[in-house]
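Subject: Structure for your review

Dear colleague,

Please find below the structure that I would like to hand over to you. I should be grateful if you would read the notes beneath it with the structure open.

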Amino acid sequence: MSENDNKFSDYITFPRTFDKYKWYKPLIVLVIGAIIYLALQMLLVTICGMVYGFEVISPLIMGGYESLNSEIASYISYLSVVMFIPSIYVASKIVRDRPFSSYSSSRGGWNWKLYFKCLTIPLAIYLIYNILFAIVNGRQGPNTLTLTFFVICLIIVPLQCIAEEYFMRGFVMQTIGSWFKIPVLACVLQAVIFALMHSYSILGVLGVFIDGLILGFFAWKTNGLEPGSAFHSVNNFMSAMIVALGFDVATSTITLTNFVSSMILTFVTAFALYYIGNRQGWFSEKTNECKLI
């Protein structure tokens, strides 16, 4: 495997550059990872049930996105996604098809400096948008925000988003890309799978599909997960905060107005992040010294 200082290996087909990688090995990683994930999920439910009571968490687990208006349900939801990372990590170590850092990027691993840089643009835009949203729409429910909830979300929401990127744009998109060697096809197919994993109404699923395309584009064109993870982190964190403050409610049914405003916000943010990141050379730095694993 070789690369020069000015060009990195294509992220989507990156797995093919490793000698031990075979087309069938991701399927083994998927099976082992799924077993580990289910075991971790059972552990999470058991611990939460012991702490909060099974009669409390059972309806929250079985509920739709409306249940995320509950603080406890939010924790369970976020942590259940975070478990993608240890599941994929352990499975990849067992199969030993490629380094776990190759899921992060084809630039040399995960770069925290790049991740934090990429947080700045979405954060500024989302703050402006949500302030205007709150002023225009007013309060939709009670203010349930606590310092504990804010701190916990500040920690686990980014981890949840990074974990989702590792699974969808890392494992799924790279696997498809390694099989067909057509980056556009891999980007579209992972977005379809991403959308089908969300139980929204039709408009909501369409919105998630578009989000998946954009996040896939970021991983493809920046050769790594950090920019998309930063974008994803700001979106989910701000959504959690606006709901906790009572200016919005979590729901599985997306209205046309919400869909249009959400898409405008997404496209404006994506364009600004990609344009500024490119102009500043954020995506062209090697990251060997910043490996996560």
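The notes below concern two helix pairs and the nonpolar core.

Please bear in mind that this is a predicted model.

Two packed helices are described by the angle between their axes and the distance between the axes. The first pair to inspect is helix H6 (residues 112-137) with helix H11 (residues 256-279), whose axes lie 9 Å apart at an angle of about 150°. Angles over 145 degrees count as roughly antiparallel, so H6 is roughly antiparallel to H11. The crossing of H6 past H11 is right-handed. On the H6 side, the contacting residues include Cys 118, Ile 121 and Tyr 129, and on the H11 side they include Ser 261, Leu 265 and Ile 276. By class, this contact has eleven nonpolar residues, two polar and no charged.

The second pair is H7 and helix H9 (residues 202-222), which pack at an angle of about 65° with axes 11 Å apart. These two helices are therefore roughly perpendicular to each other. Their crossing is right-handed. Here Glu 165, Arg 169 and Met 173 of H7 meet five residues of H9, namely Gly 212, Leu 215, Gly 216, Ala 219 and Trp 220. The contact of H7 with H9 comprises four nonpolar, two polar and two charged residues.

Finally, the largest nonpolar core holds 68 residues, among which Cys 153 and Tyr 166 touch the most other members. Helix H7 (residues 147-180) gives the largest share of this core, 14 residues. Leaving aside residues up to four places away in sequence, Cys 153 touches Tyr 78, Pro 158, Phe 237, Ala 240 and Met 241.

Yours sincerely

Definitions and conventions
Residues are numbered from 1 along each chain as its sequence is written. This is a predicted model: local features need pLDDT of at least 70, side-chain atom pairs count only at pLDDT 80 or more; totals for chains, interfaces and linings use all residues. Side-chain values use heavy atoms; hydrogens and water are left out. Axes are lines fitted to C-alpha atoms, for helices over the stretch in contact, and angles run from 0 to 180 degrees between N-to-C directions. Helices (H or I, at least four residues) and strands (E, at least two) are DSSP runs, numbered from the N terminus. Angles under 35 degrees count as roughly parallel, over 145 as roughly antiparallel, 65 to 115 as roughly perpendicular and the rest as oblique. A crossing is left-handed if the near helix is turned anticlockwise from the far one by less than a right angle, and right-handed if clockwise. Contact means heavy atoms within 4.5 Å. Ala, Val, Leu, Ile, Met, Phe, Trp, Tyr, Cys and Pro count as nonpolar, Asp, Glu, Lys and Arg as charged, and the others, Gly among them, as polar. A nonpolar core is a set of buried Ala, Val, Leu, Ile, Met, Phe, Trp, Tyr and Cys residues joined through side-chain atoms within 4.5 Å. Buried means under 20% relative accessible area, exposed over 50%, partly exposed in between (1.4 Å probe, protein chains only).
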